[in-house]
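Please work through the exercises below with the structure in view. Each task is followed by a solution in steps.

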Amino acid sequence: MITIAVEVKPRPYDALIENGLLARAGALLRDLLPAASRLFVITVAPVRQKWGKKLMTSLAAAGFDAKMLDIPEGERFKRLATVEALAEKLSSLGADRNATILAFGGGVCGDVAGFLASMYMRGVELVQIPTTVLAQVDASVGGKTGVNLKAGKNLIGAFWQPRAVLIDPGVLSSLPEREYRAGLYEALKCGVIGNPDLFREFEEHREKIAKRDPTTVERLIAESVRLKAHVVSVDEKENGLRQVLNFGHTIGHALEAETGYRSLLHGEAVAWGMIAAAEVAAGVGKLADAEALRIREATRAIGRLPSLDVKPKNIVRRLQSDKKKRYGRVHFVLPTEIGKVEIVSDVPESVVLAAVEEILELSRG
């Protein structure tokens with residue numbers, strides 16, 4: 001088993017990574033949680049149908065009293081109404097301050113269940129058990145939780161660190177191809193912002209990654225989690241270094257909001273955002289054109305991205321309401337080379353427009 005420490009205060013925790021770990025989840029949690037803990041598993045129907053029995057059997061074998069609650073699947077259900085409905089269900093089931101919420105699903109499930117844990121009874125224990133690439137390499141680690149408003153993504157949320165993160169790469173075998181590829185873009189992001197060896201892994205082992213080779217995939221996930229764990233350990237609440245994790249997300253979030261969270265998976269939006277950010281970096285002289293091309297090619301090599309049907313000026317307008325804006329200024333995470341990025345706030349609107357126009361053109365090709 002690969003164990004990666006997330007050194008946040010006052011209570012550090014571990015991300016545990018191993019193929020087949022799901023069957024041992026109960027035994028692992030028995031060592032982490034009080035014996036009187038009541039577990040409430042928040043999931044979505046496809047995950048419950050494929051992996052729910054294995055998890056619940058493991059929990060029962062370890063002596064836990066566990067209940068499973070479904071939420072609707074999809075980004076458009078990542079709203080306060082979903083959190084309220086879940087809280088009402090918890091109350092009706094007698095959940096008290098000894099409750100532990102298990103987020104068993106992808107990024108949306110983890111965000112919703114995590115936010116619920118931060119709010120219910122003014123805060124209860126949380127365990128993340130991510131089942132998508134996106135959630136395993138990024139969303140489950142670091143304590144960010146939240147829901148969307150019509151104005152944009154994650155505008156209501158809280159930092160709420162889990163008690164543990166249990167990652168079983170084996171569950172990725174049931175992911176649809178599009179979902180699998182969408183998560184890989186977040187792993188590639190980790191390569192761009194701080195791990196050039198991970199970036200080269202994408203360039204040199206495309207076939208193994210595409211075929212979901214277990215050893216290769218486990219390594220990609222572990223290296224991505226290792227980078228994120230380091231970043232959040234240094235900067236838990238995004239006051240400095242943690243901002244680098246937003247590479248690709250500034251324009252990516254605007255694309256998601258502009259398309260109503262319906263035509264793009266989150267990872268796909270981030271992928272277009274990464275290409276756009278590389279174009280912006282080249283446009284302001286921060287990144288060599290050849291390096292921008294490497295980022296573009298590595299991103300597009302993962303798989304065909306959906307076409308974009310948006311107006312560039314609308315995307316720029318959306319940026320003005322992004323929650324990452326500080327002191328009235330939009331901040332971009334721009335690569336200066338593979339493995340290094342800078343936070344830049346004085347990007348001319350014309351450069352941003354040109355970058356958005358470029359990805360629109362690419363999406364039509």
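The exercises that follow concern a predicted model.

**Exercise 1. A salt bridge between two helices**

Determine whether the side chains of Lys 189 and Asp 138 meet in a salt bridge or not, and describe where the two residues lie.

Solution.
Step 1. A salt bridge requires a side-chain nitrogen of Lys or Arg within 4 Å of a carboxyl oxygen of Asp or Glu. For Lys 189 and Asp 138 the N to O distance is 3.1 Å, and the two side chains do meet in a salt bridge.
Step 2. Lys 189 belongs to helix 6 (residues 177-194) and Asp 138 to helix 5 (residues 133-139); the pair, 51 residues apart, links distant parts of the chain.
Step 3. Buried means under 20% relative accessible area. Lys 189 has a relative accessibility of 0%, so Lys 189 counts as buried. Asp 138 has 11%, and therefore Asp 138 counts as buried.

**Exercise 2. A second pair**

Explain why the pair Glu 203 and Arg 294 ties together parts that are 91 residues apart in sequence, and classify the exposure of each residue.

Solution.
Step 1. The side chains of Glu 203 and Arg 294 form a salt bridge, with 2.8 Å from N to O.
Step 2. Because Glu 203 lies in helix 7 (residues 196-204) and Arg 294 in helix 12 (residues 289-301), the pair ties together parts that are 91 residues apart in sequence.
Step 3. Partly exposed is the class between under 20% and over 50%. Glu 203, at 25% relative accessibility, is partly exposed. Arg 294, with a relative accessible area of 25%, is partly exposed.

**Exercise 3. A pair within one helix**

State in which helix Glu 361 and Arg 364 lie, and whether they are buried or exposed.

Solution.
Step 1. Glu 361 and Arg 364 form a salt bridge, and their closest N and O atoms are 3.6 Å apart.
Step 2. Both residues lie in helix 14 (residues 349-364), three residues apart, which is about one turn of the helix.
Step 3. Glu 361 and Arg 364 are exposed.
Step 4. Elsewhere, salt bridges that share partners join Glu 75, Lys 78, Asp 111, Lys 153 and Glu 256 into one network. The structure holds 25 salt bridges.

**Exercise 4. The nonpolar cores**

Identify the residues with the most contacts inside the largest nonpolar core, and the helix that gives the most to this core.

Solution.
Step 1. In soluble globular proteins, nonpolar side chains tend to be buried together.
Step 2. The largest nonpolar core has 79 residues, and those with the most contacts inside it are Phe 202, Ile 251, Leu 255 and Trp 272.
Step 3. Helix 11 (residues 266-283) gives the most to this core, with eleven residues.
Step 4. Leaving aside residues up to four places away in sequence, Trp 272 touches several residues, including Leu 255, Leu 305, Pro 306 and Ile 359.
Step 5. A second, separate core of 46 residues includes Leu 69, Ala 117, Val 127 and Ala 164.

**Exercise 5. A pocket and a cis bond**

Describe the lining of the second largest pocket, and then the peptide bond from Lys 9 to Pro 10.

Solution.
Step 1. The second largest pocket has a volume of about 220 Å³. Among its 13 lining residues, Pro 10, Arg 11, Trp 160, Gln 161 and Pro 162 are the closest to its centre.
Step 2. By class, the lining has eight nonpolar, one polar and four charged residues.
Step 3. Pro 10 is placed in the loop between strand 1 (2-6) and strand 2 (13-17). The peptide bond from Lys 9 to Pro 10 is cis, with omega near 5°.

Note on methods:
Residues are numbered from 1 along each chain as its sequence is written. This is a predicted model: local features need pLDDT of at least 70, side-chain atom pairs count only at pLDDT 80 or more; totals for chains, interfaces and linings use all residues. Side-chain values use heavy atoms; hydrogens and water are left out. Helices (H or I, at least four residues) and strands (E, at least two) are DSSP runs, numbered from the N terminus. Buried means under 20% relative accessible area, exposed over 50%, partly exposed in between (1.4 Å probe, protein chains only). On a 1 Å grid over the protein atoms alone, a cavity is a set of points where a 1.4 Å probe fits but cannot get out, and a pocket is an open set with protein on both sides within 12 Å along at least five of seven lines; lining residues have an atom within 4 Å of a point. Grid points are joined across faces, edges and corners, and a volume is the space filled by probe spheres set on the points. Ala, Val, Leu, Ile, Met, Phe, Trp, Tyr, Cys and Pro count as nonpolar, Asp, Glu, Lys and Arg as charged, and the others, Gly among them, as polar. A nonpolar core is a set of buried Ala, Val, Leu, Ile, Met, Phe, Trp, Tyr and Cys residues joined through side-chain atoms within 4.5 Å. Contact means heavy atoms within 4.5 Å.
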